[in-house]
4 protein chains.
Amino acid sequence: MEPADRAAKMTALFGRAPLPGHLGMSLRFDDDLRAVIDLPHAAFLDHGLGQVHGGIFATLIDTAAWFTAAVHYDTWISTIDFGVRLLEPVEAEDLTAVGSVVRLGKRIATADAEIRTAAGRLVAVGGATFANTSVRFT
Amino acid sequence: MEPADRAAKMTALFGRAPLPGHLGMSLRFDDDLRAVIDLPHAAFLDHGLGQVHGGIFATLIDTAAWFTAAVHYDTWISTIDFGVRLLEPVEAEDLTAVGSVVRLGKRIATADAEIRTAAGRLVAVGGATFANTSVRFT
Amino acid sequence: MEPADRAAKMTALFGRAPLPGHLGMSLRFDDDLRAVIDLPHAAFLDHGLGQVHGGIFATLIDTAAWFTAAVHYDTWISTIDFGVRLLEPVEAEDLTAVGSVVRLGKRIATADAEIRTAAGRLVAVGGATFANTSVRFT
Amino acid sequence: MEPADRAAKMTALFGRAPLPGHLGMSLRFDDDLRAVIDLPHAAFLDHGLGQVHGGIFATLIDTAAWFTAAVHYDTWISTIDFGVRLLEPVEAEDLTAVGSVVRLGKRIATADAEIRTAAGRLVAVGGATFANTSVRFT
């Protein structure tokens, strides 16, 4: 399958994924086939002190890294582990996460992601490791 | 402030936190003052293949670790970083995350958390590091 | 192969491993088949301010976690990633790292490890993820 | 203090650090003030199967990230935690680690590092988080 076809397939998969939609995320791929996740701010994304909850940063990192790696495989990849570093708090700002490939192996893939506010402020970074499976996308 | 009073204060803080409530999480402290987060399954928690999204595990780990550490401080602690290892996929099962203290320092705190299904199956583990701030709870 | 036989094989493998020997580490397995790594302090283990270097903690975590997981497999496992949290500085104290299994899967294994001083002080914790390979031990 | 002066001070500090010297590491700063650590291969760096030990990658990541961040502070920074992803095995190849700043905060700093072989092959990546202290360099 060509990368552009896989990107279309990935976008369709994202469209069927309940959680990202529930949180208000949208997905596109940039010219380098990196996943870009946009998340407009909403009050329900916050923790008890009125800033975006760490779990939202983690969800963005996981999602951007996963799609950035997954678009290069014809089989399903499953997340083994991931980590997030929270750099600055965010209050009521829209967020964009962008993934980047670190290494695409036959069995293991790894990708990074960073999150910026609409103003371009870097607020979180992270990375994830994935295991390739034999489950083909349909 | 006594630990039991802080636990009550923390539970109130959790009650005001938008995201955990939005996802359906509830908080209690066990006899060892460890935060226990319950999350009944709901379809919107899933990724595109019908299993619980990695971001949910991360949110549970972050939340359980944070409250388990925070209940020991009179000041606000902010998450610096955290990591999650996803051990087994989860389909339509209720989840419970339990935190455990690793170290409570004057400036830095660190805690772990694990997630089990209602049947007791261990499905994810993680840990988080927090910086103590000078912001007092009110 | 029986666990006790594998432990003997692992100990022999450790004996042939250049770096652990070079640093002064020794390996044994406790009754629960957890790898225990002892490292007597030596001046060359320190960083520029006279405390044990973070890389030594990482080497201990990686080694204790690896042997604790590897003893359960007949094939070689390779480290995918690992993380270390440094809790307290150490000056001129002997160290002991002990591993613990988190999950032993068919393809992926994960284990934790903690490091204590001879006096029992907890100074570092960490975890590692391993991929199982098809290379058999000989 | 000017960055160039701090770089000179850092290089002197590195020269006094026992472990890096013991392992054969050398430090320089590139034009962007990023720490570059060179490590020629030696047999004692290997694990039992004749490849470079994971602890060496961790030590390189920790060291490159630490100096890349530390050169921007007049006070000592201490490593809170760090993680390493091992991408490819290395047999008898010289290694070079290069750090990069992620964020330099007043209290918390974070930096990444990557490790390549002399041939330019990317073999490991990682990141570290540091707490700033009030201890001034002398």
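I began with the pair B:D112 and C:R85 in this predicted model, and I find that they form a salt bridge whose closest N and O atoms lie 2.5 Å apart. Counting further between chain C and chain B, I arrive at 4 salt bridges, and I note 10 residue pairs in polar contact across the interface, both residues being at pLDDT 80 or more.

I then asked which strands of chain C supply the side that touches chain B, and I note that β4 (95–104), β5 (108–117) and β6 (122–136) each supply at least two residues, with β6(C) giving the most, 5 residues. Sorted by class, that side of chain C has 6 nonpolar, 3 polar and 4 charged residues.

Next I looked up the extent of the interface, where 13 residues of chain C are in contact with 13 residues of chain B. Chain C and chain B bury about 910 Å² between them, and 50% of this is on carbon and sulfur atoms. Within chain C, I see that C:R85, C:L87 and C:R103 lose the most area to chain B, together accounting for 55% of what that side buries.

Last, I turned to the interior and recorded 2 cavities of 30 Å³ or more in the structure. The largest cavity has a volume of about 40 Å³, and I list its lining as A:M1, A:R6, A:K9, A:M10, A:Y73, A:D74 and A:F137, which divide into 4 nonpolar, no polar and 3 charged residues. For the second largest cavity I noted a volume of about 30 Å³, with a lining of B:M1, B:R6, B:K9, B:M10, B:Y73, B:D74 and B:F137, of which 4 are nonpolar, none polar and 3 charged.

Conventions
Residues numbered from 1 in each chain as written. Chains lettered and ligands numbered in written order. Predicted model: local features only at pLDDT ≥ 70, side-chain atom pairs only at ≥ 80, totals over all residues. Heavy atoms only, no water. Contact = heavy atoms within 4.5 Å. Buried area = accessible area lost by both parts, 1.4 Å probe. Salt bridge = Lys/Arg side-chain N within 4 Å of Asp/Glu carboxyl O. Polar contact = N/O pair within 3.5 Å; in protein donor to acceptor, adjacent residues only side chain to side chain. Helix = DSSP H or I, 4+ residues; strand = E, 2+ residues; numbered from the N terminus. Nonpolar A, V, L, I, M, F, W, Y, C, P; charged D, E, K, R; others polar. 1 Å grid on protein atoms, 1.4 Å probe; cavity = no way out; pocket = protein on both sides within 12 Å on 5 of 7 lines; lining within 4 Å. Points joined across faces, edges and corners; volume = space filled by probe spheres on them.
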